[in-house]
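Work through the exercises below with the sequence and the 3D structure at hand. Try each task before reading its solution.

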Amino acid sequence: MAMNENLNLPEELQLNLERTEVLRYGENPHQRAALYIDPTDKRPGVATARKVQGKELSYNNLQDADAAFECVAEFEEPAAVIVKHMNPCGVALGESAYEAYLRAFSCDTVSAFGGIVALNSKITADLATELVKIFLEVVIAPSAEDDALAILSVKQNVRVLLTGEMPDAAQKRVMVRSIAGGMLVQETDHTIFDGELKTVTKRSPTEKELADMIFAFTVCKHVKSNAIVYAKDGATVGIGAGQMSRIYSAKLAAQKAADEKISLKGSVMASDAFMPFPDVVEEAAKAGATATIQPGGSQKDQDSIDAANAADIAMVFTGIRHFRH
């Protein structure tokens, strides 16, 4: 939902929504569902995108496509995001959308099966040739070449959504979530960094490490907590999502990289929230990461800083957390 520059939380909240589609079912076949839109919200996205081919969009398709498109909107460079069950399983930048997709796909070729691909630039014919090689649920982008659409039409069931333009990732909006007896309303997480980054270790990050840390922390914002993201050269190389303890997200990210035979040597690691124990830094060092980025703010920050110094890892604090539930 769009909002004024200043977050307005009125004593009474009325939602004027229009039903545009009754969906086949909700998250599961026994649940009924429909898509409603806010006629005043002009933000480009999945709800108002033009579907040029494919089956009906499901409730899960809409949620996943929205998550993927909002993530890819963070980047100015050509980027690709592959999402599965609301979590990115591969994110990458490239000289072109084609290159970005191949790099994103290589992060987790198993989870990409049945996933959603989002792009922040035009779908080209060479990219479409790659997209039809695997089973995908949805491809969403601002536009597509005619030749690309012809290639994608071979996979008749794949939903292809064109939005016309990209949304502003920094736009202030509100989100609404129902709970028993009421609704929760909050400002969306539209900020990645709040002020300057603070180096807290003896060694400062190199220019390359810093670029990868900024990329990884941006991706972290879109990964379910607890979130750990390894990145190298502008691409994710291991993502650990949704674990109840941070150390297991770190272990999962490293295991996924190992499964894909991706070396984490020379990578950076990002965490969506502070590290209360040094174990995550120790795991990063064991994996081969040379730098870490995290919000900081734990009473035991020094333990993690000491572990980073011991491993000659550069650590940067952002001062801002990105929990995602």
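The exercises that follow concern a predicted model.

**Exercise 1. Helix α1**

Task: Compare the end-to-end distance of helix α1 (residues 59-72) with the span expected from its number of residues.

Solution.
Step 1. Helix α1 has 14 residues.
Step 2. The expected span is 1.5 Å times one less than the number of residues, and for α1 this comes to 20 Å.
Step 3. The end C-alpha atoms of α1 are 20 Å apart, which agrees with the expected span.

**Exercise 2. Surroundings of α1**

Task: Decide whether α1 is largely enclosed or not, and list what covers its buried residues.

Solution.
Step 1. A residue counts as buried when its relative accessible area is under 20%.
Step 2. The residues of α1 that are buried are Asn-61, Leu-62, Asp-64, Ala-65, Ala-67, Ala-68, Phe-69, Glu-70, Cys-71 and Val-72.
Step 3. Ten of the 14 residues are therefore buried, and α1 is largely enclosed by the rest of the structure.
Step 4. The cover over these buried residues includes the strands β2 (34-37), β4 (79-84), β5 (87-93), β6 (115-119), β7 (136-141) and β8 (159-162).
Step 5. Glu-70, one of the buried residues of α1, also belongs to a network of salt bridges with Arg-43 and Arg-173.

**Exercise 3. Salt bridges across the sequence**

Task: The structure holds 13 salt bridges. For Lys-221 with Glu-74, and for Asp-108 with Lys-256, find where the partners lie and how far apart they are in sequence.

Solution.
Step 1. The side chains of Lys-221 and Glu-74 form a salt bridge with an N to O distance of 2.7 Å.
Step 2. Lys-221 is in the loop between α5 (207-220) and β12 (228-232), and Glu-74 is in the loop between α1 and β4, so this pair ties together parts 147 residues apart in sequence.
Step 3. Lys-221 and Glu-74 are both buried.
Step 4. In the salt bridge of Asp-108 with Lys-256, the closest N and O atoms are 3.0 Å apart.
Step 5. Asp-108 is in the loop between α2 (97-107) and β6, while Lys-256 is in helix α6 (residues 246-259); the two are 148 residues apart.
Step 6. Asp-108 is buried because its relative accessible area is 8%, whereas Lys-256, at 26%, is partly exposed.

**Exercise 4. A salt bridge within a helix**

Task: Lys-208 and Asp-212 meet in a salt bridge. State how many residues separate them in helix α5, and classify each as buried, partly exposed or exposed.

Solution.
Step 1. The N to O distance of this salt bridge is 3.5 Å.
Step 2. Lys-208 and Asp-212 are four residues apart in α5, so about one helical turn separates them.
Step 3. Lys-208 has a relative accessible area of 43% and is therefore partly exposed.
Step 4. Asp-212 has a relative accessible area of 4% and is therefore buried.

**Exercise 5. Backbone angles in loops**

Task: Locate Asp-233 and Lys-261, give the phi of each, and classify their accessibility.

Solution.
Step 1. Asp-233 is in the loop between β12 and β13 (235-240), and its phi is near 55 degrees, a positive value in a residue other than glycine.
Step 2. Asp-233 is partly exposed because its relative accessibility is 44%.
Step 3. Lys-261 is in the loop between α6 and β14 (268-271); its phi is positive too, at about 60 degrees, although Lys-261 is not a glycine.
Step 4. Lys-261 has 76% relative accessibility and so counts as exposed.

Terms used. Residues are numbered from 1 along each chain as its sequence is written. This is a predicted model: local features need pLDDT of at least 70, side-chain atom pairs count only at pLDDT 80 or more; totals for chains, interfaces and linings use all residues. Side-chain values use heavy atoms; hydrogens and water are left out. Buried means under 20% relative accessible area, exposed over 50%, partly exposed in between (1.4 Å probe, protein chains only). Contact means heavy atoms within 4.5 Å. A salt bridge is a side-chain nitrogen of Lys or Arg within 4 Å of a carboxyl oxygen of Asp or Glu.
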